[in-house]
Amino acid sequence: MTHPSAEMDPAIKSFRSYLLAERNASPLTEQGYAQDLAQFVAFRWGVEVSAPFEWMRVSPEDARAFLMAFAKDGASPGTTRRKLASLRTFFRFLVREGLMLDNPFAGVRGPKLAKPLPKVFTVEEARRFLEAPVRELEELRRLGTDTAQQAYAHLRDAAFFEALYSTGCRISEVVPLDWGQIDFETGGVIVMGKGAKQRLCILGSHALNALRALRAQAAEMWPDGDSDATRIFLNERGLPFRPRDAQRRMKHWLAVAGLPEDLTPHKLRHSFATHLLDAGADLRSVQEMLGHASLSSTQIYTHVSVERLKDEYAKAHPRASAGAGK
């Protein structure tokens with residue numbers, strides 16, 4: 001329910017002008033704020049009371065009651081938090097203009113937003129996806145229809161996605177790597193993460209083998225294709241491989257592997273973390289490998305692991321479901 005003439009209130013009129021002129025808000029945003037204010041006016045004073053409204057009489061209790069009423073009506077946490085932001089901004093404006101002493105919405109906290117669990121590959125899905133480029137290249141070679149460019153593209157894709165899954169890196173951390181950054185003896189690679197922070201990542205045997213095969217092919221393609229200063233991942237013309245190239249190639253290999261095409265390169269990072277924790281890896285070690293500044297960022301993957309365990313439990317345990325044993 002909204003107040004039919006809330007826009008006639010002088011304070012609301014001034015606020016709407018402020019949004020458009022000083023905050024450079026879009027007309028749609030300004031209308032959203034106005035609607036939230038009209039709903040609050042109807043809640044606090046009813047639809048019979050006319051403007052101007054007694055804003056000075058609004059208390060923190062009114063603020064909390066308004067948000068609780070929306071929650072009880074089934075409003076989503078996102079909607080409730082948006083209304084809180086609207087009212088908080090409005091009363092902050094009134095304080096700035098000297099029309100209020102304190103902001104009654106300042107100390108009110110909105111409902112927590114549920115973090116969606118990241119979608120991940122199963123171990124079997126990851127295997128099918130990662131093996132798809134090499135399997136297709138083997139078939140082309142068996143038929144004798146492969147070219148040097150095709151071989152390079154297949155080996156590049158295999159090495160690129162193996163490196164993503166092996167290290168848990170972001171796509172932006174792997175795309176710019178040079179051959180000299182890989183220590184093929186130890187399997188270590190130093191990447192530049194967010195905030196220009198460097199960290200050590202580990203390449204497993206599958207990733208290292210894929211990279212060795214790619215390097216050998218690159219040496220055949222270009223005179224300096226395998227030199228330490230050369231980019232590892234190039235397109236078939238010898239130009240830098242870009243993130244959008246990787247996304248496009250991933251869609252192709254997902255289709256070849258019979259997997260959902262909404263999976264993205266970042267899902268390999270999610271899968272890396274989840275599979276490590278599923279296998280018993282220490283949470284802090286996974287945090288370091290992912291380059292997370294806070295442990296709380298990594299903890300989401302423990303929830304993924306628990307949810308998967310619950311699914312397996314529900315499938316396998318004879319008394320897991322409510323109807324079991326009847």
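Which residues does His-154 touch, not counting those up to four places away in sequence? Keep that one in mind while you get your bearings; the tour comes back to it below. One thing to know before you click on anything: this is a predicted model.

**Zoom out**

Start with the whole chain in view. Colour by secondary structure and you should find 12 helices and three strands. Turn the model around: the C-alpha atoms fill a box of roughly 85 × 65 × 35 Å along the principal axes. The radius of gyration is 28 Å, while a compact globule of 326 residues would come in near 20 Å.

Now switch on the surface. About 18000 Å² of the chain is accessible, and carbon and sulfur atoms own 53% of that. Of the 326 residues, 42% count as buried. If you show contacts between residues at least 6 apart in sequence, 63% of them join residues at least 24 apart. Colour by charge next: there are 44 positive and 39 negative side chains, and the centres of the two sets lie 5 Å apart.

**Stop one: His-154 and Asp-157**

Select His-154, and you are in helix α6. Back to the opening question: His-154 touches Pro-133, Glu-136, Leu-137, Leu-140 and Trp-253. Is His-154 buried or exposed? Its relative accessibility is 7%, so it counts as buried. Add Arg-135 to your selection too: it sits 19 residues from His-154 in sequence, with 9.3 Å between the two C-alpha atoms.

Stay in helix α6, which covers residues 148-167, and move along to Asp-157. Asp-157 is buried as well, with a relative accessible area of 0%. Leaving out residues up to four places away in sequence, Asp-157 touches Pro-133, Phe-241, Arg-249 and Trp-253. Pro-133 and Trp-253 should ring a bell, since His-154 touches them too.

**Stop two: Ser-271**

Head for helix α10, residues 265-278, and pick out Ser-271. Its relative accessibility is 0%, so this serine counts as buried. Who are its contacts beyond four places in sequence? Show Val-120, Phe-121 and Tyr-165, and you have them.

**Stop three: two phenylalanines**

Show the aromatic rings across the model. How many aromatic pairs does the structure hold? There are 25. For a good example, select Phe-40 and Phe-66: their rings meet edge-to-face, 5.2 Å centre to centre, with 90° between the planes. Phe-40 belongs to helix α2 (residues 27-45) and Phe-66 to helix α3 (residues 60-72), so the pair ties together parts 26 residues apart in sequence. Check the surface around both rings. Phe-40 counts as buried at 0% relative accessibility, and Phe-66 is buried at 1%.

**Stop four: backbone oddities**

Hide the side chains and follow the backbone for this one. Most residues other than glycine have a negative phi, and most peptide bonds are trans. Here are two places that depart from that pattern.

Go to Pro-52, in the loop between α2 and α3. A cis peptide bond joins Ala-51 to Pro-52, with omega at about 0°.

Then select Asn-24, in the loop between α1 (10-21) and α2. What is the phi of Asn-24? It is positive, about 55°, although this residue is not a glycine. Asn-24 has a relative accessibility of 66%, so it counts as exposed.

**Stop five: out to the surface**

Select Ala-229, which lies in the loop between α8 (205-221) and α9 (243-257). Ala-229 is exposed, with a relative accessible area of 69%. Now draw a distance to Gln-181: the two are 48 residues apart in sequence, and 8.8 Å apart from C-alpha to C-alpha.

**Last stop: Ser-296**

Finish in helix α12, residues 295-316, where you will find Ser-296. Its relative accessibility is 45%, and the word for it is partly exposed, the class between 20% and 50%. Draw one more distance, from Ser-296 to Ser-14. They are 282 residues apart in sequence, and their C-alpha atoms are 42 Å apart in space.

How values were computed: Residues numbered from 1 in each chain as written. Predicted model: local features only at pLDDT ≥ 70, side-chain atom pairs only at ≥ 80, totals over all residues. Heavy atoms only, no water. Helix = DSSP H or I, 4+ residues; strand = E, 2+ residues; numbered from the N terminus. Rg over C-alpha atoms; globule rule 2.2 N^0.38 Å. Buried < 20%, exposed > 50% of the residue type's maximum accessible area, 1.4 Å probe, protein only. Contact = heavy atoms within 4.5 Å. Areas by Shrake-Rupley, 256 points an atom, 1.4 Å probe, with all protein chains shown as cover. Lys, Arg positive; Asp, Glu negative; His and termini not counted. Charge placed at Lys NZ, Arg CZ, Asp CG, Glu CD. Phe/Tyr/Trp six-rings, centres within 6.5 Å; stacked < 30°, edge-to-face > 60°.
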